[in-house]
There are 2 protein chains.
Amino acid sequence: MSRYWSPLVKSLTPYVPGEQPKITNLIKLNTNENPYGPSSKVLEAIRSEASDNLRLYPDPNADTLKQTIADYHSVDKNQVFVGNGSDEVIAIAFQALFKHPNPLLFPDITYSFYPVWSDMYQVDYQTVPVTDNFEIDVQAFKQANGGIIFPNPNAPTGRLLPLDQIKLLLEINTDSVVVVDEAYIDFGGESAIALVNDYPNLLVIHTLSKSRSLAGMRVGFAIGHPDLIEGMERVKNSFNSYPLDRPAQAAAVASFLDEEYFQSCCQKVIASRESLTEALTALGFEVLPSAANFIFAKHPEHDAETLANQLRERSIIVRYFKKPKIDQFLRISIGSTEECEQLATALKDMLG
Amino acid sequence: MSRYWSPLVKSLTPYVPGEQPKITNLIKLNTNENPYGPSSKVLEAIRSEASDNLRLYPDPNADTLKQTIADYHSVDKNQVFVGNGSDEVIAIAFQALFKHPNPLLFPDITYSFYPVWSDMYQVDYQTVPVTDNFEIDVQAFKQANGGIIFPNPNAPTGRLLPLDQIKLLLEINTDSVVVVDEAYIDFGGESAIALVNDYPNLLVIHTLSKSRSLAGMRVGFAIGHPDLIEGMERVKNSFNSYPLDRPAQAAAVASFLDEEYFQSCCQKVIASRESLTEALTALGFEVLPSAANFIFAKHPEHDAETLANQLRERSIIVRYFKKPKIDQFLRISIGSTEECEQLATALKDMLG
């Protein structure tokens, strides 16, 4: 605490990301990273950027990247916004689109950065309970609001809201922006990007950190009506002209040009998720249906925090949230085939 | 304009960075980039990061980079904050340290992003006139304020405020934070980092974009009292956990480890600045004394905007600001020896 801080700073409770341990030889299943590295074409693109040109600023508008994303998703370039990871993109959406007299709505069980951004940008918010099955109940969002945001699939549950439910939400909610945070959509969901031309208040946000194996490069993007994008650009350009460095822009472009590699990684993760779900179910775990690259599981006879600690002793890190309603769950990222097998073996051993 | 925008967005006037033209074969002297590329060790460090590890998040706290900067500048690691370019670092300082009832003060002739950040973060501000010689008058800052910020050397004038004047400012201003934005300090100034242990309200901000030839990588940092740094971290961690990607962190570390290359580039730029100043003076230009990697010059008989346009026709781009007090000046970045010679030749030809 310091008398020099802006008063707001004193009341902030910053977000705490999943641990990034510096020791190696860990089975790291705690931050939903992809077990497979990026495409070799992406690595080649990054190496090509290691040149004298780094003395020059990057393209502040990331035109080539925006056009690549627009082509990939069959939208216009002015419907695309890019940022330094989807967290930056969402933070900008909070500032550009959510600061209204009515409260922002999001599920009570969801990405725990949403309340942090709300406090940071002084956006009033209200949580909407998920059902007993951890599903998002679209009808419960039918109330006065200044915006709606939720991940789909939801985090940390992995549960998918089908596209017809999102359509329904957009039909009943036309006066504020609906942000669908699709960080995990490529692992089995249908993207709401298909709806952006029909709903001027829909913004869909993606990241390259998960399905495109680029957590280390920090690239995210949003797709929506050009007016929403323009609002985002105004905030971005009042904050930081060049949030994406040259290698990040080049890496992201290359990733969209290697569809085959992308699809094969997603398919491998999905297959591992299904095997791991089966293995854990056989051990007595209740595993929520997941469309993400993680599963959310609890064991009726074993305390989740204890299990997480026991796994850590075996050099396996999973994510545990000490929070109401979910404090008996473990969130387990889908690792490689071997990592998933080692996890299942460890749990089998522990449960005796 | 959209009804979905937060009301603040409607009133924003975003910053417009210097043009980044996509055509090549230009002599680009408009955005103060270094004419020399980064150290080969930096390029090697970036290439080494192009690996499977990019599937993993970067270190959110950039510990290795912070320690490297701390060692280089002989401070403790908890006195160092890093960000996605110094623009992001300054934007975070505005939020963390400048939002107080009294207005922020900055010179009337200065970096034109300051009023943009003030509007963006709703920080009330007041400008303090520079002298007729475009010098910062420290005594004029002796007034109630919620913070003070200025570049040193100042932009776009290039004028340096000596360290004893900064000390004087800190002696008369103890109740609010003084941010010294030292983007250009390595080209001939003495850094106020030497004062941070004496003044708990001093924050010094640097960028790797200019003297370290890394505009394309987006890395900046701040050094100050640990309490100021903690306030900055709270804002950063309420916004974006991982603003620096893996290659950017590695490149920045490598840059600080190649002191010889860094010094030689700075010396070459300084030598070119002195030659160019001489050449322009011989052509009748009045050139302000500069301690930066650019000069600010006017010709008593030739309109600056006309000159800028004529240079553009010869594929030479310089920066022109259509603003009161400086609309007869050109801001010319120091290019390579050859580029500076070509500029001088073109001007000689144009002036007849």
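**Axis**

I looked first for the residue of chain B that comes closest to the rotation axis, and found B:Arg47, at 2.5 Å by its C-alpha. The model is a predicted one, in which local features need pLDDT of at least 70, side-chain atom pairs count only at pLDDT 80 or more, and totals for chains, interfaces and linings use all residues. I note too that residues are numbered from 1 along each chain as its sequence is written, that chains are lettered from A and ligands numbered from 1 in the order in which they are written, and that side-chain values use heavy atoms, with hydrogens and water left out.

Two copies of a chain are related by a rotation about an axis and a shift along it. Here chain B is superposed on chain A by a rotation of 180 degrees with 0.0 Å of shift along the axis, at an RMSD of 0.0 Å, which is the relation of a two-fold axis. The superposition is by least squares on the C-alpha atoms of residues with pLDDT of at least 70 in both copies.

**Cavities**

I then searched the whole structure for cavities and found eight of 30 Å³ or more. A cavity here is a set of points, on a 1 Å grid over the protein atoms alone, where a 1.4 Å probe fits but cannot get out, and its lining residues have an atom within 4 Å of a point. A volume is the space filled by probe spheres set on the points.

The largest cavity holds about 370 Å³ of space, and of the 27 residues that line it, A:Tyr57, B:Tyr15, B:Tyr111, B:Tyr184 and B:Lys210 are the closest to its centre. I sorted this lining into twelve nonpolar, nine polar and six charged residues, where Ala, Val, Leu, Ile, Met, Phe, Trp, Tyr, Cys and Pro count as nonpolar, Asp, Glu, Lys and Arg as charged, and the others, Gly among them, as polar. Helix H4 (residues 85–97) of chain B gives the largest share of the lining, three residues; helices (H or I, at least four residues) and strands (E, at least two) are DSSP runs, numbered from the N terminus.

The second largest cavity holds about 200 Å³, and its lining includes A:Leu8, A:Met120 and A:Tyr121 along with B:Leu8, B:Met120 and B:Tyr121. By class, I have six nonpolar, four polar and two charged residues for this lining.

**Cysteines**

How many disulfides are there over all chains? I counted zero, taking a disulfide as a pair of cysteine sulfur atoms within 2.5 Å. The sulfur of A:Cys265 has its closest cysteine sulfur in A:Cys266, and the 6.9 Å between them is too far for a bond. A:Cys265 is buried, at a relative accessible area of 1%, where buried means under 20%, exposed over 50% and partly exposed in between, with a 1.4 Å probe and protein chains only. A:Cys266 counts as buried as well, at 1% relative accessibility.

**Backbone**

I looked last at the backbone, where a cis peptide bond with omega of about -5 degrees joins A:Asn152 and A:Pro153, and A:Pro153 has its place in the loop between strand E5 (147–151) and helix H6 (163–172) of chain A. In chain B, I noted a cis peptide bond between B:Ala155 and B:Pro156, with omega about 0 degrees.

A:Ala62 is not a glycine, although its phi is positive, at about 50 degrees, and I place A:Ala62 in the loop between helix H2 (40–49) and helix H3 (63–73) of chain A.

Terms used. 1 Å grid on protein atoms, 1.4 Å probe; cavity = no way out; pocket = protein on both sides within 12 Å on 5 of 7 lines; lining within 4 Å.
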